[in-house]
Amino acid sequence: MSTTTPHEIRRATRDTQQLIIGGVASGLARHLGLPVVWVRAAFLVASVLGGVGIAYYAGLWLLLPTDSRFASDAPGLASATRTGKRPRTGRRITDVGPAVALAALGIGLLFAVEAVVGQGAVFWPLMIGLGGIALLWRQADEAQRERWLDSTGRLDPVRAIFGSGGWASYARVAAGLVLIVVALGLFSVRKGSFSVAGEVLVAALLGIVGLAIVIGPWVHRLAADLASERAERVRSQERADMAAHLHDSVLQTLALIQKNSGDSATVSKLARAQERDLRSWLYDDPAPADTTLIGELKSIGAEADEAHGVVVDVVSVGDAVLTEQLRPLVLATREAVNNAARHAGTARVDVYAEVSARRAEVFVRDRGQGFDPGTIATDRQGVRGSIIDRMQRHGGTAEVRTAPGEGTEVRLSMPISQEENHD
Amino acid sequence: MTDPTRVLIVDDHAMFRAGVRAELSGRREIDVVAEAEDVETAVAAVREHRPDVVLLDVHLPGGGGVEVMRQSREPEVKYLALSVSDAAEDVIGTIRGGARGYVTKTITGDELVRAIARVRDGDAVFSPRLAGFVLDAFAGSIDVAAVDEDLDRLTDREREVMRLIARGYAYKEVAKELFISIKTVETHMSNVLRKLQLSSRHELTRWANDRRLL
């Protein structure tokens with residue numbers, strides 16, 4: 001939940017999923033928490049008013065990193081994505097509608113401005129040139145995205161420009177270059193009144209500037225890529241170690257299962273422990289286990305499973321940093337889970353945790369034999385001392401609902417004080 | 001209903017298909033009509049056999065289970081997602097793609113048969129985990145100017161039902177706890193499913209990615 005997760009530094013990125021031109025507007029909108037249409041409209045309005053918007057857009061496009069860095073998905077998901085077993089998130093048609101409308105509005109406004117001011121001489125070459133540059137930069141983006149997905153690791157200059165090819169990339173580069181050349185041509189024709197020497201000078205200068213503009217993004221991104229590539233190498237080595245460890249543990253488990261193939265209880269316990277191990281590695285968020293409430297509850301579930309051979313399914317909504325204040329909740333949960341595993345006589349315990357900004361609640365439920373709360377001896381520590389009294393001592397509440405044959409549900413609730421959360 | 005439910009099993013692991021088939025084959029109320037191993041064969045099988053219920057793996061060569069639902073365009077066919085992946089993104093994505101429910105592959109045979117029957121009857125199947133995801137997805141306060149307010153939030157009752165499901169209650173127990181009929185519980189579940197599929201909240205699609213960053 002919003003207030004309770006540890007802080008991360010948020011960086012604005014360009015959005016490569018819902019982009020119209022370069023994903024600057026939608027990336028910015030996400031960063032600032034504004035509707036994307038507003039941002040796009042702002043850029044368009046600013047573009048009409050003297051072209052500032054275009055300059056801003058181009059500048060941000062150049063400087064903002066893309067969000068399609070090395071995907072930080074869990075390995076199982078990343079692999080499923082690579083092998084085409086998951087849907088690719090493409091651009092949604094619904095997003096195009098407003099953009100088309102905005103573009104039409106913008107072009108209309110441009111014509112209006114031109115009709116009033118009559119700046120056609122500089123305006124059209126400029127627009128055509130900008131269009132060309134935009135196309136080239138767009139291609140630089142595509143090529144960069146390809147490079148991230150490319151596992152060969154070598155930088156081939158042709159691939160660096162065209163990515164894996166395809167008519168779209170060639171067309172983008174060709175059209176971009178043609179547009180820029182046309183713009184330069186138009187410009188020098190309009191300026192035909194200058195002397196020939198001046199014309200040549202201008203042309204040469206424009207050529208150099210054009211070249212710099214064309215190559216600039218690639219050089220800039222190449223440098224950025226190299227730095228990230230280094231980071232990724234470190235990470236992939238860690239992953240390789242982890243994979244080796246896991247394969248190793250799977251082999252051990254299989255060996256154990258073969259040895260115990262007669263004992264179904266042991267076999268299923270082994271299989272479950274291994275399954276949990278693999279599942280958490282493949283599909284879970286790589287959050288450190290013992291620093292958050294949910295992480296701790298999951299490890300309680302795993303412990304109980306190993307000790308008592310009971311499936312403990314932990315479902316959570318939200319999460320919080322594990323503070324001293326939440327510690328009693330964790331301990332009470334452990335007691336409740338262990339009670340259920342030991343006494344309920346069922347193979348499954350459901351744990352549901354809901355963390356909001358104000359309180360954390362945990363429900364531990366089993367469908368076992370239940371008991372009559374009246375018959376529990378007062379000297380028995382379990383329920384009274386470890387759960388109810390402990391929660392009350394620390395400002396929380398605990399309630400046990402049970403009846404013989406009905407199963408048991410323990411409801412725990414602990415308020416979260418705001419000050420402790422915001423440090 | 002006396003006819004057995006006609007089921008298509010879609011999964012890229014042959015061993016898993018064989019396991020499910022073996023588990024379902026002994027039961028009179030289920031008739032496994034075909035198997036498929038990727039999006040292409042699954043779409044073909046759906047068109048050919050028109051099964052009542054498709055057991056659909058979420059991770060499937062050719063674009064994932066969502067792609068099967070998108071391409072086959074058979075409104076009569078109901079889908080039940082069955083996956084080893086617990087990733088929120090996959091689960092919500094599949095439900096939004098049109099699946100009537102989601103269960104993990106560790107589900108027992110009896111539970112699977114019940115889930116199939118429920119999906120065939122047009123009801124929704126929520127596992128505790130899916131209910132948790134739903135609550136998470138609809139949790140944030142809704143600041144964004146919503147296109148359709150009603151679709152973008154759960155009613156208190158629906159939220160209550162979801163919480164009970166997340167806590168491991170069976171439909172029957174939910175009904176008893178809230179003093180309502182099972183039919184009403186099923187109506188609430190179907191409504192939640194519909195909201196999940198039709199809600200226009202754009203965060204919902206991003207929610208799974210962003211929820212740790214917010």
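# Exercises on a predicted two-chain model

In this predicted model, 37% of the 423 residues of chain A count as buried.

**Exercise 1. Describe chain A by its secondary structure, contacts and surface.**

Solution.
1. Start with secondary structure: chain A contains 14 helices and five strands.
2. Then take contacts between residues at least 6 apart in sequence: in chain A, 69% of them join residues at least 24 apart.
3. Last comes the surface. Chain A exposes about 23200 Å², and 63% of that area is supplied by carbon and sulfur atoms.

**Exercise 2. Decide whether Arg384(A) is buried, partly exposed or exposed, and locate it relative to Val400(A).**

Solution.
1. Arg384(A) belongs to helix α13 of chain A, residues 382–393.
2. The limits needed here are under 20% relative accessible area for buried and over 50% for exposed.
3. Arg384(A) has a relative accessibility of 42%, so it counts as partly exposed.
4. Between Arg384(A) and Val400(A) the sequence separation is 16 residues, and the C-alpha to C-alpha distance is 9.9 Å.

**Exercise 3. Work out the strand order of the open sheet in chain B and identify its edge strands.**

Solution.
1. The sheet has six strands in the order β2-β1-β3-β4-β5-β6, with parallel pairing.
2. Its edge strands are β2 (30–36) and β6 of chain B, each of which pairs on one side only.
3. Strand β1 (residues 5–10) of chain B is joined to β3(B) by four bridges. Here Leu8(B) stands opposite Val54(B).
4. On to the next pair: β3(B) and strand β4 (residues 78–83) of chain B run parallel and share four bridges. Leu56(B) has Ala81(B) in β4(B) as its bridge partner.
5. Two bridges connect strand β5 (residues 101–104) of chain B with β6(B). Tyr102(B) is partnered there by Phe126(B).

**Exercise 4. State which way the side chains of β3(B) point and whether they are buried or exposed.**

Solution.
1. In a regular strand the side chains alternate between the two faces of the sheet.
2. In β3(B), residues 53–56, Val53(B) and Leu55(B) point one way, while Val54(B) and Leu56(B) point the other way.
3. All four of these residues are buried.

**Exercise 5. List the buried residues of helix α4 of chain B and say what follows the helix.**

Solution.
1. Helix α4(B) covers residues 88–96, and its buried residues are Ala88(B), Asp90(B), Val91(B), Ile92(B), Thr94(B) and Ile95(B).
2. After α4(B) comes Gly98(B), with a positive phi near 125°.

**Exercise 6. Determine whether the buried Asp123(B) has a salt bridge.**

Solution.
1. Asp123(B) sits in the loop of chain B between α5 (109–120) and β6 (125–126).
2. Leaving out residues up to four places away in sequence, its contacts are Arg100(B), Arg118(B), Lys183(B), Glu186(B) and Ser190(B).
3. The nearest side chain of opposite charge is that of Lys183(B), 4.3 Å away. A salt bridge requires a nitrogen within 4 Å of a carboxyl oxygen.
4. Asp123(B) is therefore buried without a salt bridge.

**Exercise 7. Identify the best-connected residues of the largest nonpolar core.**

Solution.
1. This core has 53 residues, and those with the most contacts inside it are Tyr79(B), Phe126(B), Val134(B), Met162(B) and Met189(B).
2. Take Val134(B) as an example: beyond four places in sequence, it touches Phe126(B), Leu154(B), Met162(B), Val192(B) and Leu196(B).
3. A second core, separate from this one, has 33 residues, including Leu293(A), Ala398(A), Val410(A) and Leu412(A).

Note on methods. Residues are numbered from 1 along each chain as its sequence is written. Chains are lettered from A and ligands numbered from 1 in the order in which they are written. This is a predicted model: local features need pLDDT of at least 70, side-chain atom pairs count only at pLDDT 80 or more; totals for chains, interfaces and linings use all residues. Side-chain values use heavy atoms; hydrogens and water are left out. Buried means under 20% relative accessible area, exposed over 50%, partly exposed in between (1.4 Å probe, protein chains only). Lys and Arg count as positive and Asp and Glu as negative; His and the chain ends are not counted. Contact means heavy atoms within 4.5 Å. A nonpolar core is a set of buried Ala, Val, Leu, Ile, Met, Phe, Trp, Tyr and Cys residues joined through side-chain atoms within 4.5 Å. Accessible areas come from the Shrake-Rupley method with a 1.4 Å probe; for residues, only the protein chains shown count as cover. Two strands pair if DSSP finds at least two bridges between them.
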